[in-house]
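Got the viewer open and a selection box handy? Let's walk through this one stop by stop, picking residues as we go.

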Amino acid sequence: MNLMSDRLRATPGARRVTSCLVLALWAGLATLLAARPVMAAQDRLVIEAAMDRQVAAPLLAAFARQYPAIEIVYHDRTTMTLNALAVQDDAGADIIISSAMPWQVALVNQGLAQRLDSEAARQWPEWAKWRDEIFAFTFEPIVMAYRLDLATRMMPPSSHADVLNLLTEHAETLTGRVVAYSPSKSALGYALHLQDSYYSGRFWKLVAALGQVDTTLETSTQRMLEGLSDGRYWLGYNLLGSYAIRWAQSHPEVIVQMPTDYALISMRTAFIHRDAPHPEAARTFMDFLIGRQGQHVLAGETPLYSIRTDITGPYTAQSLRDQVGQRLYPQPLDASILSMLDTARRHDFLDRWFDAYSGGTPTP
């Protein structure tokens with residue numbers, strides 16, 4: 001009886017202990033939930049990009065694994081189409097990604113970007129961002145590519161000077177078998193040709209030689225690579241290394257050559273659109289893109305080349321410097337790049353380019 005009484009007297013205390021445990025568990029659960037990103041009405045992310053989806057796939061897959069509640073809608077566009085889309089009132093884009101840096105900076109300069117105020121943004125290198133609104137997140141070399149057919153008939157090129165010599169000495173053999181970017185139909189193509197004119201004293205002779213062999217002018221590296229694989233082209237000039245390296249891994253008939261004299265660098269940039277319908281998801285993606293996790297994917301799973309210096313892997317800016325040396329020339333990510341889009345300057349450059357390409361006498 002006394003034992004039963006003791007048990008009965010202990011019951012209220014036990015209940016109080018149980019209640020305290022329940023409250024503690026609820027408090028802990030509430031803390032965990034508060035620490036997680038809130039994506040309730042932000043469960044969709046629309047990315048408009050001038051970036052081949054197959055190349056971007058490892059990056060998108062890694063983000064999806066970390067944030068499974070966010071549905072990714074990804075559209076792969078040409079650079080020109082993307083530029084036109086971004087300025088529309090109903091663009092509907094959260095993130096804009098492109099390798100055409102001058103056009104990207106121009107869009108941001110027009111007020112079409114949101115500022116990213118985060119720890120990842122503050123720690124990002126100053127040379128790879130502008131106004132904390134647009135961020136370069138890759139460091140992609142511009143390369144040459146050729147078919148094995150070419151190597152069996154002539155010495156394959158390893159420098160820009162070699163390309164000029166090949167086009168001059170083997171013009172008859174190479175006529176109709178060379179491909180390069182169009183400077184007028186591709187925003188990236190225009191930027192690359194203009195950059196080449198800065199660093200090569202024989203650039204205009206090269207343009208004339210491209211015209212003499214009736215070079216096909218394309219708007220994407222992907223189409224250049226397809227033409228190299230099916231035998232239409234033997235030599236490709238100024239291709240995006242990220243696409244070319246990946247392609248050559250499964251197409252042994254195509255050889256990728258990093259230029260030995262100098263290498264242009266294309267830095268793919270991203271920004272959050274001013275009218276992003278899902279701004280919280282957009283900020284989450286941007287932090288992932290320039291954070292350790294996203295950059296680790298770039299360095300190890302894609303030939304897009306990570307910018308971060310605290311990341312190791314086969315595809316990093318530092319590994320590229322170790323391979324090529326210091327003669328790597330990225331475009332500056334600042335307002336000075338806007339001069340490339342000056343209408344009069346662009347028209348003058350294109351007039352001169354097509355004059356040399358069509359047989360005019362190239363001026364030094």
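Select Asn238 to begin, keeping in mind that this is a predicted model. Asn238 counts as buried because its relative accessibility is 5%, and the cut-off for that word is under 20%. Color residues 235-240 and you have strand S10, the strand that holds Asn238. Check the backbone while you're here: phi is positive, about 60 degrees, although Asn238 is not a glycine.

For another backbone of that kind, jump to Asp214. Here phi is positive at about 55 degrees, and again the residue is not a glycine. Asp214 sits in a loop, with helix H10 (203-212) on one side and strand S9 (216-218) on the other.

Next, pick Val254 in strand S11, which covers residues 254-257. Val254 has a relative accessible area of 2%, so it is buried. Now add Tyr146 to the selection and draw a distance between the two C-alpha atoms: you should get 5.7 Å, although the residues are 108 apart along the chain.

Time for some charges. Side chains of opposite charge can pair when their charged atoms come close. How many salt bridges does the structure hold? There are 17, and we'll visit a few.

Start with Glu140 and Arg268. Show both side chains and look for the closest N and O atoms, which are 2.7 Å apart in this salt bridge. The partners come from distant parts of the chain, 128 residues apart: Glu140 belongs to strand S7 (residues 140-147), while Arg268 is in the loop between S12 and S13. Are these two buried or exposed? Glu140 is buried, because its relative accessible area is 0%. Arg268 is at 0% relative accessibility too, so it also counts as buried.

Stay on Arg268 for a moment. To see its loop in context, color strand S12 (263-266) and strand S13 (269-273), which lie on either side of that loop in the sequence. Then bring up Ala50: its backbone oxygen is reached by the Arg268 side chain at 2.8 Å. So with Arg268 centered, you can show both the salt bridge to Glu140 and the contact with Ala50.

Now select Arg308 and Asp310. Their side chains meet in a salt bridge, 2.7 Å from N to O. Arg308 counts as buried because its relative accessibility is 19%, whereas Asp310, at 37%, counts as partly exposed.

Move on to Arg131 and Glu133, whose side chains form a salt bridge at 3.3 Å, N to O. In this pair the arginine is the partly exposed partner: Arg131 has a relative accessible area of 40%. Glu133 has 16%, so it is buried.

For something with more members, select Arg115, Asp117, Glu119, Arg122, Glu126, Lys129 and Asp132 together. Salt bridges link these residues into a network. Sticks colored by element will help you trace it.

Last stop: switch on the surface and pick Asp342, Asp348, Asp351 and Asp355. Together they form a negative surface patch. One of them, Asp355, is in helix H16, so color residues 343-357 to see that helix. How accessible is Asp355? Its relative accessible area is 43%, so it counts as partly exposed.

Methods
Residues are numbered from 1 along each chain as its sequence is written. This is a predicted model: local features need pLDDT of at least 70, side-chain atom pairs count only at pLDDT 80 or more; totals for chains, interfaces and linings use all residues. Side-chain values use heavy atoms; hydrogens and water are left out. Patches are made of residues with over 30% relative accessible area and no salt bridge: like charges are joined within 9 Å, nonpolar side chains (Val, Leu, Ile, Met, Phe, Trp, Tyr) within 5 Å. Accessible areas come from the Shrake-Rupley method with a 1.4 Å probe; for residues, only the protein chains shown count as cover. A salt bridge is a side-chain nitrogen of Lys or Arg within 4 Å of a carboxyl oxygen of Asp or Glu. Lys and Arg count as positive and Asp and Glu as negative; His and the chain ends are not counted. The place of a charge is taken as NZ of Lys, CZ of Arg, CG of Asp or CD of Glu. Helices (H or I, at least four residues) and strands (E, at least two) are DSSP runs, numbered from the N terminus. Buried means under 20% relative accessible area, exposed over 50%, partly exposed in between (1.4 Å probe, protein chains only). A polar contact is a pair of N or O atoms within 3.5 Å; within protein, one must be able to donate a hydrogen and the other to accept it, and residues adjacent in sequence count only if both atoms are side-chain atoms.
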